[in-house]
Amino acid sequence: MALLAHRFRLPIALLLLGLLLAAPAAGLIDAYWARTVMLIAILSLLVSGLNVVLGYAGELALGQVALYAVGAYVAGYIGVGLGATDVFLALGAAVLAAVAVGLVTGIPGLRLGGWSLAMVTFFLVILVPNLIDVFEPFTGGTLGLATAVPTLFGAELTGDGLYLLIVAVAAIWFALVRNLLLSRHGDVFLVLRQSPILASVLGVSVYRLKLLVYVIGAIPAALAGALFAMLDGFVAPETFTFALALSVLAASVIGGSTSVYGAIAGALVMQLGQQTLTRFQDWQLVIYGGFLLLAGIVFNRGLAGLWHDGLAAARRRGLLPKAPAAAAVAEGEAELGTLDGAVLRTEELEKSFGGNKALQGVSIEARPGEVTALIGPNGSGKTTLLNLISGFYRPSGGRLMLGETEIGGRPAYRIARLGVTRTFQTPLIPKDMTTRAFVATGRYATHKVGIATALLRLPAFRRGYRADDAEALRLLRLLGIEETADRPVDSLALGTRRLVEVARALASRPRVFLFDEVGSGLDESDLRVLEHAVGMIREAGGTVILVEHNFPLVLKLADRIHVLSQGRLIASGTPAEIQADRRVLAEYTGATDPADLEPAEPRKGGR
Amino acid sequence: MTTVWAGLATGAIYSLVAIGYNVVLLASGTFNFAHAQLLMAGTFLAYTGAVTLGLPVLPTLLLGAAGVAVVALLEERIAIRPLLGRSDAHGALITTVGAATILDGLAAVIWGREPLTVPSVLPDEPLTLLGGTVRPVDLALIALTLLTGVGLHLWSRHSLLGLASLASAEDREAAAARGINVRLLGTGAFVLAGAIAGVFGLLVGARTYAVFDLGHSLALFGFVAIAIGGSGSQLGGLIGGFATGLVYAFAARYIGAEFPQIVVFGVFLLILFLRPRGLFGAALERRV
C-alpha cells in the first residue's frame, strides 16, 4: 500500500497538473480564476528563485523584482522593437539578460557575504525606475511599454493558450528545481547555508557555488517577468516596486524558504490575500513586516515545515502509511580498503596575527600509515597549525608541503581537493538533512555528478546517487552507527556527531586526516569506537594528524608526538620519549622552577 | 563649491546612518538593517514636536531622542534578542528587514504617505563660505555629524565602555567570561544609536523632508558608506558617507538628474569588487 502510494506519486502529480491545465478550456474555472492562477504561477516563480538563494545558499537576495523587470522589458522590447514575438525567443532572451545581470551584481555582491548581496540587490530594485528612465527609447519610460501579442510557431497565443503556456512554464521550472534541490547539489547548498567553512572542507569553492546558486535564482524571476509582459500586454515602472520585493520575501518565508513547493503555497497565500483583503491596503507594509518577524523568530520553516511535521505526525499515529524505507544497499563486509596516504611536511612554518606570533619555526612531518599527534597547552598553536594546513590561514613564513606540492596559502577548498580533510572541535553539522545524505556530501568534489545530469535525472545521476548512498551507508556501518542513516543529522548526540564527521571525512577517500580535539566531550564507549576508527585509518595507509588534550589517549594512539608551547615546538618523539621528557612534564604539570628542569634539547624531528 | 557643500550635507546624513550601523555592529555584532528607519522616525518626531505640538527646539530634540531610543529598544527586544544564541546567523537578515518594513508601514499609517516639511531651526539665508553657498542648517548638520563621528571613534578606542563593546563584538563568550554584560551592552548600543538618530531628526528632516520611505535610500547610501569605510570603523564610515554624498552631488550636477544613484551604484560595485573590506578596513582572517 505504502509502496503503491509512493510509486504512483508521479502519475498523480501529472494528473493534477493536467486537470489544472485543462481547467479553463473545460469550463471548470472562469476568467477571473484563470487570471488568478496565472498570477499565482508567476509569483511562485519569483518566490522559487528567492528560495533557492535564501533557503539553500543562505544569501538574502532582494533583487527578484529587478530581474522580473529585466525579464518583462527584454521580452517586451524584442517583441515590439525587433518583431521577435515567439515565446521561446522571448523567454530565452529574458533568461540570458537575467544571467548577465546576475553575474554583474553577484560577482561583486558575493565577495564578502553577509549583507553585501542583500544591499546590492536592494539597490538594484531602487534603481529600476531610474534605469527605465535612462533607457527610455527601449522601455517607454514612465509611460510604459505596450507589448506585442506573443506567438508560438507563428500562431498567436492568447486566452487559454497563454494560460497553458504560463502554467506549463511554471510546472517545468518546479520540476527542474526539484531535481536540482533534491540531489547532492541541494545537499551541498544546505551545507553552504549552514557553514561556508564546512563547504570548503568538502572541496567546494564557496564563492563560485554561491554565485552559481544566485544566478540560478535569477532565471525564474526573468521567466516570470516575460510571462507577466505577455499576460498584461503592457509593462510600466509602477509594477516593479520595493513593496513587491517585500511581498516576494514574505511569500518565501510563509511558504518556507528551504523547500521546493513552499514557494507555490506562499505565492498562493500572498496573491489571494492581496486580492481579497484590499481594505487592508494601508496596513500592507506592517503586515509583510510582521510576517518576516514572525517567520524569522518562531516558525522559520513556513507552511512547508508545518506540512512535513503534519505528515510525520500522521505517520506516527498510523493515519498514513509509513514512507517506504530506502532500499538496503551494499551488503557484505564493511572494510576501509587502502588509502593513498601522503606525506605532510611543514618547514619552519610561521604564523603571526598582527604582532602576536602564534607559530614560530615549526617543522614537523606526518607520514602515511602513522598517527602524528600535536599536544600542548591552550594557546600553544595547535589549532592554528591545523588551520594553516587546511588553508583557513595563510602562513606568514615557511613552507607547507603535501608530498612534493607546496600548499601553503592555497584556498581551503583547493587543499581539500588535494586530499586533506578534517574534523572540527565542535562538529559542523547541517540542518534539514539525513545522516546518510550528509556523509555522502563528503564525496561531492571527488565523485562529481554534473548539474545538468541531476536536472534531467539522467541514468548517470541515478548511478552516482546510488553509489554515494551505498558508500555512505558502508562507512556508517564501519563506524557502528548504521542505525542513524535515515535520522536528521542534527538530532544526533555529540559523540555520534563526531563519528559522523569521521564518516564524512572518509567518504572523500582523503590522503591526510586532521582530527581537531576529536576526543573531547566523549564518553568511554564513544572513545573506544573513535580509537578503533583512527586505528583503521592508520592501517589503511592514511596520514593522520591528531590534536588532542587527552594525554593518555594520545599516548595510546600516536606513533609520533610533537609538543607545542607558545607557538614553538619544544619536543618531538615517540610516546615513550615524550613521556620521559621533563620539559613536557613541566608544561603539563605547571612546574616552573627552572632548577627542576634539565636543559633538555628539543629533539626536533629526530628519529 | 556649492556642489561640494551640497554633497557634504547629503553625505552627512549617509555618515549618520553609517555611524548608527557601526555603533550596533561594534557592540553586538549585528547589522541593524532598520537603522535608516530609525532616522526616518526621527524626522517624523521632529515634525510632530516642532509643527504639530509647536515645541521649541530643545524639547523637540529631547522628544526625538527619547522617542527613537524607545523604538530602537523595542526593535532590539523583538527582532534581535530572540535570535541570540541561535546557530545560524541568517535570522537577523530577515527580522531586521521585517522590523524596517513595520516601521515604514507604521510611519505611513500614522503620518501619511505625503512628504512633510520639517522646519529649519536656523535662519534660512544661505551663507557664502569658501566660494560656495550653504544653508546654516546644513552647515550645522555637517559639523555636528563630524563631531559625533569623531567623538564616537575616540570614545570606542579610549573609554573602558568602548573597549568592552569592541571586545564583545569580537567574541561574545570571551567578553562575557571577562565580566562584561554583553546583553546590556547590546541593548545599550541600540538605545544609543536610536537616541543619536532621534536627535538628528530635526537637522536631517530639514534637508530631506519627513517621508515614510526615506529609509530605503538612506539604508542603501549608508551601506555604501560602510562599504567604502570598512565595517566597524567609525572614522571610515564618516569619511565614506561624505565621499558618497560628494559622488552623488557631482554626478547630479555634471551627468544628469537621473544618474546620481546609478553612479553611486557603480562605485559601490567597484569597491566591493576591488576592495571588499573597504578602503580603510583591515583584512580579517576566518577562524574555525
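# A walk through chain A and its surroundings

In this predicted model, A:Asn130 touches three residues of chain B, namely B:Glu258, B:Gln261 and B:Ile262, when residues up to four places away in sequence are not counted. A:Asn130 is part of helix α6 of chain A, which covers residues 116–134. Its relative accessible area is 15%, and because the limit for a buried residue is under 20%, A:Asn130 counts as buried.

From this point of contact with chain B, the description can widen to chain A as a whole. The secondary structure of chain A consists of 25 helices and 14 strands, and the C-alpha trace spans about 95 × 60 × 45 Å along its principal axes. Of the 607 residues in chain A, 55% are buried. When contacts in chain A with a separation of 6 or more are considered, 76% of them join residues that are 24 or more positions apart. The accessible surface of chain A amounts to about 25,000 Å², and carbon and sulfur atoms account for 61% of that surface. As for charge, chain A carries 52 positive and 48 negative side chains, and the centres of these two sets lie 3 Å apart.

Chain A is divided into two domains, of which domain 1 takes in residues 36–241, while domain 2 is assembled from the segments 344–433 and 491–596. The C-alpha centres of domain 1 and domain 2 of chain A are 46 Å apart. The two domains of chain A nevertheless meet, with 15 residues of domain 1 in contact with 16 residues of domain 2. Between them, domain 1 and domain 2 of chain A bury an area of about 1,300 Å², and carbon and sulfur atoms give 67% of it. On the side of domain 1 of chain A, the residues A:Gln194, A:Leu198 and A:Val201 supply 36% of the area that this domain buries against domain 2, which is more than any other three residues supply.

Helix α16 of chain A, residues 382–389, offers a view of how a single element can be covered. Eight of its eight residues are buried, so helix α16 of chain A is largely enclosed by the rest of the structure. The residues in question are A:Lys382, A:Thr383, A:Thr384, A:Leu385, A:Leu386, A:Asn387, A:Leu388 and A:Ile389. Just after this helix of chain A comes A:Gly391, whose phi is positive, at about 90 degrees.

Further along chain A, helix α23, which runs over residues 551–557, contains A:Leu553. With a relative accessible area of 3%, A:Leu553 is buried. Leaving aside residues up to four places away in sequence, A:Leu553 touches A:Gly519, A:Leu527, A:Glu531 and A:Glu548. One of these residues, A:Leu527, is 26 residues from A:Leu553 in sequence, and the C-alpha atoms of the pair are 8.9 Å apart in space.

Backbone geometry is the next topic. Most residues other than glycine have a negative phi, and most peptide bonds are trans. Against that background, A:Arg457 has a positive phi of about 50 degrees although it is not a glycine. A:Arg457 sits in the loop of chain A that lies between α19 (451–455) and α20 (459–478), and at 16% relative accessibility it counts as buried. A:Arg509, likewise not a glycine, also has a positive phi of about 50 degrees. The loop that holds A:Arg509 lies between α21 (494–507) and β11 (512–516) of chain A, and with a relative accessibility of 29% this arginine counts as partly exposed.

Two further loop residues complete the tour. A:Glu483 is placed in the loop between α20 and α21 of chain A, where its relative accessible area of 56% makes it exposed. A:Glu483 and A:Val95 are 388 residues apart along the chain, and their C-alpha atoms are separated by 45 Å. In chain B, B:Arg178 belongs to the loop between α7 (172–177) and α8 (182–199), and at 75% relative accessibility it counts as exposed. B:Arg178 and B:Ala167 are 11 residues apart in sequence, with a C-alpha to C-alpha distance of 9.7 Å.

Methods: Residues are numbered from 1 along each chain as its sequence is written. Chains are lettered from A and ligands numbered from 1 in the order in which they are written. This is a predicted model: local features need pLDDT of at least 70, side-chain atom pairs count only at pLDDT 80 or more; totals for chains, interfaces and linings use all residues. Side-chain values use heavy atoms; hydrogens and water are left out. Helices (H or I, at least four residues) and strands (E, at least two) are DSSP runs, numbered from the N terminus. Buried means under 20% relative accessible area, exposed over 50%, partly exposed in between (1.4 Å probe, protein chains only). Contact means heavy atoms within 4.5 Å. Accessible areas come from the Shrake-Rupley method with a 1.4 Å probe; for residues, only the protein chains shown count as cover. Lys and Arg count as positive and Asp and Glu as negative; His and the chain ends are not counted. The place of a charge is taken as NZ of Lys, CZ of Arg, CG of Asp or CD of Glu. Domain bounds come from an automatic or database domain assignment. Buried area is the accessible area (1.4 Å probe) that two parts lose on being put together, summed over both.
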